[in-house]
Structures are given as structure tokens and as C-alpha cells.
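The following paragraphs explain a protein structure, moving from the whole chain to individual residues. Please keep the sequence and the model in view while reading.

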Amino acid sequence: MRDAQPAAVYLKDYASPDYLINRTELHFELHEDHALVTSRLYMLRCDPGRELPLVLNGVALELVSVTIDGQALEDSEFQVEPETLVIPKAPDQFVLSCVTRILPQDNTSLEGLYKSQRMFCTQCEAHGFRKITYYLDRPDVMSVFTVSVEADQARYPVLLSNGNLVDSKVLEDGRHSTTWHDPFPKPAYLFALVAGDLKYLQDSFTTCSGREVDLRIYVEEKDLGKCDHAMLSLQNSMRWDEEVYGREYDLDVFNIVAVDDFNMGAMENKSLNIFNSSCVLCSPETTTDKGYQRVEAIVAHEYFHNWSGNRVTCRDWFQLSLKEGFTVFRDAGFSADMGSPVVKRVEDVANLRTVQFAEDAGPMAHPVRPESVIEFNNFYTATIYEKGAEVVRMIHTLLGAELFRRGSDLYFERHDGQAVTCEDFVLAMEAASGIDLQQFRLWYSQAGTPLLRVRDEYDADAGCYTLTVQQSCPPTPGQDSKLPMVIPLAMGLLGEAGNLPLRLVGETPDPETGDNTHRVLSVNQAEQRFVFEGVGERPVPSLLRGLSAPVRLDYNYSKQDLCALMSRDDDGFVRWDSAQTLATRVMNEVEQQLLNRSKDKELEVDPILARAYASLLEDDSLDAAMVADMLTLPGENYLAELAARDGGANVDTIHAARVAVHADISKACTDSLLQRYHALANASPYAATGAQIADRSLRNTCLDYLAAAGGEYVELASRQFTDADNMTDRLAALRAIVFYGDDGQRDEALASFYQDWQHEVLVVNQWLQLQAMMPGSDALDRVRGLLKHPDFDMRNPNKVRALVGVFSAHNPVNFHRPDGQGYRFLADQLTLLNDINPQITAKMLTPLTRWRNYSGRDQLMRAELERLAALPSLSRDAFEVITKSLQ
Ligand code: 0A1
Ligand code: ZN
């Protein structure tokens with residue numbers, strides 16, 4: 001283990017900066033073996049007269065020179081520490097100028113200035129800017145940037161930075177330069193620079209006040225044909241933000257650049273968004289429907305940050321969810337409006353439950369506003385993003401759309417140009433609505449997923465129906481006991497002929513109220529009772545509609561209740577959720593048989609599920625995308641997470657039970673599956689429209705069930721594989737062949753796919769992913785073999801995620817091999833990756849950190865974590881995750 005242990009920083013220790021930087025002038029001289037960065041920082045002491053040392057952040061920099069007001073500092077006038085430059089004495093107001101030499105070509109952390117293939121690019125959130133030059137690298141120091149970039153003209157004809165282009169020059173020796181000025185003060189994390197041989201797709205957008213904005217998407221020439229969808233998504237986002245939030249774009253240019261090597265999806269740098277190429281490029285031949293939807297959502301997300309993040313930014317990184325939670329909430333609203341709101345919600349909830357609920361139950365659990373952090377890069381989490389969005393969504397539910405909009409208007413108006421806190425957001429919402437959110441604030445400070453236990457009672461004589469609701473929240477690291485939260489519980493009551501009107505005891509019915517079959521109960525105590533009157537029959541409660549709060553629900557539904565909700569409730573989300581609960585119940589029963597049975601006894605699968613699925617398949621008036629989601633069995637990770645709460649997950653029986661239920665559906669519903677499969681075939685050319693996406697989704701869900709039966713149905717997949725004119729159908733067919741075909745069919749299909757698509761990096765990544773998920777006892781050997789494939793590269797996060805990440809997170813049976821080889825494999829790869837890319841290393845540790853969930857394997861998992869903990873060069877990122885998970 002390293003000598004000095006990295007220390008935590010605490011939210012409670014926040015202090016405003018001692019110095020500000022009014023103006024920042026930067027000059028970049030880019031070369032193949034180094035870059036020189038010259039800064040001129042117009043600095044101001046916040047408290048004039050009070051002499052304080054100036055402490056600038058800087059990491060991995062070679063300081064060439066430092067001057068104050070043009071005077072070079074003597075060696076005794078400053079100290080260079082590993083992560084800071086300290087100038088003990090500085091005037092009240094001065095220009096600090098530093099020259100630093102950095103090595104972008106060797107920077108594999110992909111933070112700061114680095115090279116992605118042949119281009120230079122930057123990633124500065126959260127602390128990347130300090131790898132470029134000495135600076136006050138904190139979001140509450142905002143400055144107006146002017147940046148000039150100089151490089152070889154032939155290799156780097158395009159030189160970009162934030163804001164408007166104000167100058168370009170041809171220089172000697174084949175070099176050239178451009179100068180950019182961004183009039184909006186911004187923190188250093190929003191700085192960006194790009195230099196490369198790029199082409200662009202250009203279009204424009206006329207804002208609501210009539211300004212023309214020049215829109216460009218910069219890519220390598222070969223990808224120019226794959227930018228249309230991103231451009232359209234950008235234009236749709238710009239219009240949507242005007243219409244729904246009244247937010248107009250503020251500069252005359254908006255640029256997006258695609259890069260292959262990127263740690264995350266994309267980054268919202270002011271007017272110069274940098275994107276992982278997998279989140280911009282789309283074509284029917286290379287991109288699946290899910291890929292199209294992802295591009296649309298991420299383009300929107302980054303664009304929306306222009307207001308929720310850039311114009312109003314975070315005071316400190318503990319407030320990260322201020323911009324991320326709100327922006328995810330905004331992009332979810334956009335995606336819902338562009339497609340089907342229920343389908344979008346269902347997909348978000350499935351993700352929240354599998355990823356965020358697991359995080360909340362694991363060793364890295366933290367509140368939406370964390371209180372202490374070792375490495376901020378570790379806090380780009382599902383809790384900050386997705387749970388943060390749920391918190392904003394609950395505020396929206398509590399206030400209603402109109403007051404919420406007043407609140408967001410007030411928030412933007414009050415804080416435009418400022419760096420603020422989650423508290424400021426809540427205050428604006430309270431001020432605009434008059435609604436007290438005091439108790440609601442606990443959602444920001446308490447970690448863990450609350451549990452709502454609901455019990456009911458029906459008094460037929462009195463026509464009274466009582467719901468008793470108890471809330472609790474499990475302990476999380478550092479938080480042993482929790483206070484009751486405000487939980488909006490959206491609900492209805494289902495009767496024989498549909499949803500019943502709702503009237504709480506003591507309420508007078510309001511004739512104005514249109515829909516009185518739906519309401520939101522406010523749960524805010526440890527235990528509460530809600531009594532409905534005028535209830536003429538015993539209803540089935542439809543609870544937590546739309547997942548109105550990020551909580552788990554415990555209500556004893558019978559299987560018949562679930563079938564009733566699944567087929568007849570007014571709320572689409574509840575219909576899907578009931579299908580999931582029913583499927584989980586049936587799979588659990590099979591798992592119990594597997595655990596208890598004698599070997600020769602046949603497994604029994606309750607036919608109720610197949611019957612329910614068959615009626616969904618036979619009703620073609622239902623939205624095909626919803627039917628596809630309803631027919632999708634909960635994943636093994638989700639089942640393992642549920643099992644872990646009940647005492648421990650057994651990946652093998654979970655897998656076997658899921659396979660058995662899947663096969664049962666396949667057999668019992670063959671005719672309806674086949675009928676829908678053929679009926680949904682599409683003759684028109686590919687388009688990423690809602691209707692086509694829905695049809696493909698259901699058709700490929702049918703194929704997945706059918707192919708499980710093998711034989712002629714794998715042939716069906718083979719035909720689709722050969723005939724497909726788009727990647728959605730081709731990849732779905734390949735998956736079916738790989739999962740259900742024989743070895744020969746599998747190897748042939750994988751080889752021919754590679755043969756056809758080896759020139760498309762993003763397609764090769766999908767090919768790697770599929771093999772990483774493959775069932776069968778040779779899976780680990782195959783993945784090990786692929787590490788040596790010429791298309792694999794440990795320095796490229798997309799490839800590492802596709803192969804190592806997907807194997808560890810999405811191939812549970814093979815990752816959790818009883819011999820521990822899966823764990824060993826991951827730890828071996830992370831040992832190498834630790835020296836290359838700390839951020840990705842820490843992210844990919846997640847599956848190992850869940851060792852407590854896997855009794856019987858836990859010691860093997862821990863042993864690998866301990867092996868990693870002993871690495872001499874363990875990064876701060878990995879240190880935090882490992883130590884927290886071993887505690
Ligand atoms: N702010 C970006 C995500 C992002 C965060 C950190 C990064 O590097 C550490 C890169 C990107 C977003 O929310 O899209
Ligand atoms: Zn974001």
C-alpha cells in the first residue's frame with residue numbers, strides 16, 4: 001500500500017476562496033512530444049489587506065517560470081508541492097503568469113489535456129484543469145477566458161476552444177493559431193480545447209428571440225455521414241428547453257466534438273461539448289435503436305447543462321447533484337416528450353432499481369449530497385445522477401408542473417452567473433411555490449433506499465378501505481439511524497370494472513375534479529393510515545404509480561392481484577411493475593425448487609406467468625414497446641440484489657431459475673410469439689421513429705424467446721442475421737445465435753460479423769460486449785483470448801468497459817465462478833489499468849465491492865480486493881473504493 005493514505009475532504013469544511021480570478025488568458029503551444037501552456041491570471045484577493053498565501057492547484061506539471069506583474073519570482077518566493085504551487089506573499093491585485101510544460105501524449109488518465117488518437121482534447125471536470133496549469137481549480141472561482149491555441153497546421157487544421165472565434169493566424173514553420181473568447185465567466189472545469197484534423201456537419205438554430213446559432217458537429221472525415229441524428233437531437237433539445245423551461249441559448253456558436261478515448265459519455269464544456277464518439281455517431285447500419293436513443297438523450301443532457309450547470313453552476317463538488325440530478329430530470333422529460341413517457345419511465349426505473357438501489361445498499365452508499373469524499377471522480381454515481389433526478393422529480397410531483405416551472409424560473413433568475421448549492425435550489429422552489437420543503441430536505445442528506453411497507457384492510461359493511469403505511473430506511477455507512485422522509489405515494493384502487501373513485505374520510509368530493517381515480521398521498525411519518533370511504537368492493541391497490549418516489553415497496557400482492565393490475569390498471573408503469581413482480585415471484589419459486597429438490601424431480605413453473613404473457617402477446621392494441629418491456633424478465637443482477645437483502649444471492653440458482661422460466665415461456669407461448677414475430681416484420685427502410693423502434697423491440701423480444709427452443713428457431717435468427725438491413729435486428733439475431741445456437745453456429749456467426757464490421761470501432765465494441773456476456777463454461781477463456789485481440793486496447797475506456805466491464809458486471813455466472821478465476825481475472829486487469837486510468841479502474845471495481853451479497857464466494861472476492869489494496873501505486877480513486885468496501 002502507498003505510504004501516505006489519501007485523506008477525505010468534508011462538506012462542513014467548505015470555505016469560500018481567498019482569491020478570485022477575474023480574467024484568464026491562456027496560450028497553448030502544442031507539439032508532438034510536449035505542450036507549453038502560458039497563463040495570465042488577473043487575480044484579486046477577496047479580503048484586501050488580509051495577507052494570505054496563494055495556493056494554486058497543479059498536478060503533474062513542470063513549472064517553467066512564474067511571474068507576478070511581469071517580475072519573475074525568486075526561488076524563495078514560491079514552493080512547488082506535489083499538488084500545489086504556494087506563493088506565501090502576494091499583492092491584493094496582480095497578474096500571475098505561469099509557463100508549464102505538460103506531456104499530453106503520455107496522459108492516459110484522460111483528464112486534463114491528452115491525445116485521443118491523432119487529436120488533442122481536454123477533460124477538466126472535476127479536477128482535470130490542474131493537470132494543465134496552476135490554477136484555483138474549484139467551481140466557485142469563475143473567470144472570463146481568452147484562449148489561443150497554436151499547432152502544426154497540416155496535422156491540426158482545426159483548433160477550437162470555448163466561446164467565439166476572435167482571431168486566426170498563419171505562423172511560420174507550417175504552424176497556425178486561433179484565439180477564442182468566452183464572454184461568460186465560468187469555472188475551470190468547463191474549459192475545453194480541441195486540435196485535430198476534423199470535418200464538421202453544420203446546421204443552425206434560430207432561437208426564440210430570433211438569434212441565429214451556428215451548430216457544428218466535428219468528427220473524423222470517415223464519420224461525417226453519422227452526425228445527422230445528433231444534429232437533429234441538438235435542435236430538438238434547443239427548442240424543447242425554450243418551450244418547456246423558457247431557456248434560450250446564449251452564444252452564437254455551439255460545437256460538439258467526437259473523440260474515441262473518453263472516460264464518460266460526454267462533457268458540457270461551454271459551447272464546446274466533447275463527446276465520447278459512441279454517444280454522437282449513428283447510422284442504421286452500425287447503431288442499434290438503443291444507441292439512437294442514447295445519443296438523443298446525451299446530446300440533450302449536455303445541451304441542457306448550458307443552463308443547469310453552466311449559467312448556474314455548483315459551489316463545490318459536494319453539490320454535484322445540483323447540476324446532474326436536475327439535468328437528468330430535464331433530459332428524462334425531453335426523452336419522454338420525444339417518445340413514449342411510460343416506456344421511458346419504465347426503462348429509467350429498471351436502471352434505477354438495478355444500479356442505484358444496489359449502490360445505496362453497498363459500501364459506497366452516499367447521500368445525494370455527500371458529506372465526505374476522498375476522490376470526487378468516484379462520485380459520478382447513480383446516486384448523484386439518477387437518485388438526484390428522482391429527488392427533483394418528487395419536488396415536481398409535490399409542487400405540480402406550474403409551480404415547479406415558477407420555481408425553476410426563479411432559480412435561474414436568482415442565481416444566473418453564480419455558483420450555488422442544493423439548498424439554493426430548494427429555497428427557490430419553496431419561495432416560488434409557498435410549499436414548505438423542510439422535511440423533504442432529508443432526501444439530500446440521508447443515504448439508503450427507504451422501504452414502504454403497506455398493509456390494507458377492507459370493511460365491506462362500512463365501505464371503508466384502509467391503507468397502513470410504514471416507512472423505514474436501512475443503515476448506510478456513517479448513518480446508523482434515519483428520520484422519516486417525505487414520500488409522495490401516487491396511487492389508485494383497482495376494482496372489477498376499472499379504477500375506483502377515491503375519497504379519503506372527511507373529504508368532500510370536488511365536482512370540478514376530473515380524474516378522481518388517481519392521487520398522491522403524502523407519507524411523512526414512520527407510520528400512517530389513510531382511510532378511503534365509499535369503496536363498494538375490495539380493491540387491489542395500485543401503489544407507487546410511476547415510481548413516485550425512489551423507494552422499495554412491500555405489499556403482499558397475490559399472483560391474481562398482480563395479473564389484475566398487469567392487465568387492467570390505468571397506470572402503465574404499474575402494469576409493467578406488476579409483470580416484473582409476478583415474474584420475480586415465479587422465478588423465486590423455481591429457485592426454491594432448485595435449492596431443495598432432489599435431482600430427478602421436474603421443475604414446476606407456475607403457468608400463470610405464461611398465460612399472462614400470452615394475453616399480452618395476443619392483444620395487438622397494446623403499445624408494442626410496452627409489451628416488449630413487460631415480457632422482459634427481470635435481470636439476474638436485479639434478482640441477485642433482491643436475494644441479497646433476504647440473506648444472500650446464489651448466482652447459479654438465480655441463473656438456472658431464470659433460464660427455466662424463460663424456456664417455459666418460450667414453450668408455452670410459441671404460437672403467439674411466432675405469430676407476432678412474423679406480423680411485426682417491417683418492409684419499409686429503417687428509421688429511428690418511435691413506432692419502428694417499438695415494433696423491432698417486441699419482434700426481437702419474441703425472437704429471443706423463440707430461439708431459446710433451439711433448432712428451427714435458431715434458424716429463424718440466422719435468417720434475420722443475414723437479411724437484416726440495420727444493426728438492431730442484426731445484433732439481436734447474433735445474440736440469439738450466440739446464446740442459443742450450437743458451438744458451430746455461434747463461432748461462424750461471430751466470425752462473419754467481425755469480418756463484415758471490423759472497420760467500425762463502435763461495432764467491434766458491441767461484438768466484444770456480446771462475447772463478454774456469453775454463457776457457457778468457456779466464457780472466461782474467450783474473454784482472456786480477446787484481451788490479445790488486435791482490436792482490444794487497455795487505454796481505450798470503451799473497449800475496457802465492453803470486454804472487462806461487461807464480463808464482470810453482466811456475466812454473473814462466469815464472473816462468480818466457484819474457483820474464483822473470474823475475480824482473479826478482474827483484479828489482474830485492474831492491476832494493469834490502475835497505472836493507466838485510475839478513474840475507470842475505480843468504476844470497474846464495483847462488482848467486487850458487492851462481496852457481502854455472495855455468501856460462499858465472499859472470501860474469494862475479498863482476497864482480490866486485498867491483493868489490489870496492496871499495490872504500491874494504488875490510485876486515490878481505487879484506494880477509496882477498496883478501503884470503503886473492505887471496512
Ligand atoms: N458532467 C458530465 C459528465 C462527466 C463527468 C466527469 C468527467 O470526467 C471526470 C467527464 C464527464 C455529464 O454529466 O455529462
Ligand atoms: Zn451531466
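**A guided reading of the model**

Helix H3 is mostly covered, with 16 of its 19 residues buried. The helix runs over residues 320–338, and at 1.5 Å a residue its 19 residues should span 27 Å; the end C-alpha atoms are 27 Å apart, so the expected and computed spans agree. The model in which this helix is seen is a predicted one.

The setting of H3 is a protein with 28 helices and 32 strands. Along the principal axes, the C-alpha trace spans about 90 × 70 × 60 Å. A compact globule of 887 residues would have a radius of gyration near 29 Å, and the protein, at 28 Å, agrees with that expectation. Of these 887 residues, 60% count as buried. The contacts also reach far along the sequence: among those between residues at least 6 apart, 71% join residues at least 24 apart.

The surface and the charges complete this overview. The protein exposes about 34500 Å², of which carbon and sulfur atoms supply 49%. There are 84 positive and 130 negative charges, and the mean positions of the two sets are 3 Å apart.

Attention may now turn to single residues, beginning with a charged one. Arg696 belongs to helix H16, which covers residues 690–707. Is Arg696 buried or exposed? Its relative accessible area is 7%, and because the cut-off for buried is under 20%, Arg696 counts as buried. Apart from neighbours within four places in sequence, Arg696 is in contact with Asp289, Asn682, Tyr686, Ala687, Ala688, Asn726, Thr728 and Asp729.

One of these partners, Ala687, lies in the loop between helix H15 (670–679) and H16. With a relative accessibility of 24%, Ala687 counts as partly exposed. Residues up to four places away in sequence aside, Ala687 touches Gln692 and Arg696. Asn726, also in contact with Arg696, is 39 residues from Ala687 in sequence, and the two C-alpha atoms are 9.5 Å apart in space.

A further buried residue sits in a loop. Thr517 is found between strand E28 (498–499) and strand E29 (519–523), and its relative accessible area of 14% makes it buried. Beyond neighbours within four places in sequence, the contacts of Thr517 are Met491, Gly492, Asn499, Leu500, Pro501, Leu502, Arg545 and Asp570.

The last stops concern the backbone. Which residues other than glycine have a positive phi? Leu544 is one of them, with phi near 60°; Ala60 is another, at about 55°. Each lies in a loop: Leu544 between strand E31 (540–543) and strand E32 (552–554), and Ala60 between strand E4 (54–57) and strand E5 (62–68). Their surroundings can be read from the accessible areas. Leu544 is buried, with a relative accessible area of 3%, whereas Ala60 is exposed, with 64%.

A cis peptide bond leads from Glu125 to Ala126, with omega near -5°. Ala126 is located in the loop between strand E11 (119–123) and strand E12 (143–152).

Technical notes:
Residues are numbered from 1 along each chain as its sequence is written. Chains are lettered from A and ligands numbered from 1 in the order in which they are written. This is a predicted model: local features need pLDDT of at least 70, side-chain atom pairs count only at pLDDT 80 or more; totals for chains, interfaces and linings use all residues. Side-chain values use heavy atoms; hydrogens and water are left out. Helices (H or I, at least four residues) and strands (E, at least two) are DSSP runs, numbered from the N terminus. The radius of gyration is taken over C-alpha atoms; the globule rule is 2.2 Å times the number of residues to the power 0.38. Buried means under 20% relative accessible area, exposed over 50%, partly exposed in between (1.4 Å probe, protein chains only). Contact means heavy atoms within 4.5 Å. Accessible areas come from the Shrake-Rupley method with a 1.4 Å probe; for residues, only the protein chains shown count as cover. Lys and Arg count as positive and Asp and Glu as negative; His and the chain ends are not counted. The place of a charge is taken as NZ of Lys, CZ of Arg, CG of Asp or CD of Glu. The expected span of a helix is 1.5 Å times one less than its number of residues.
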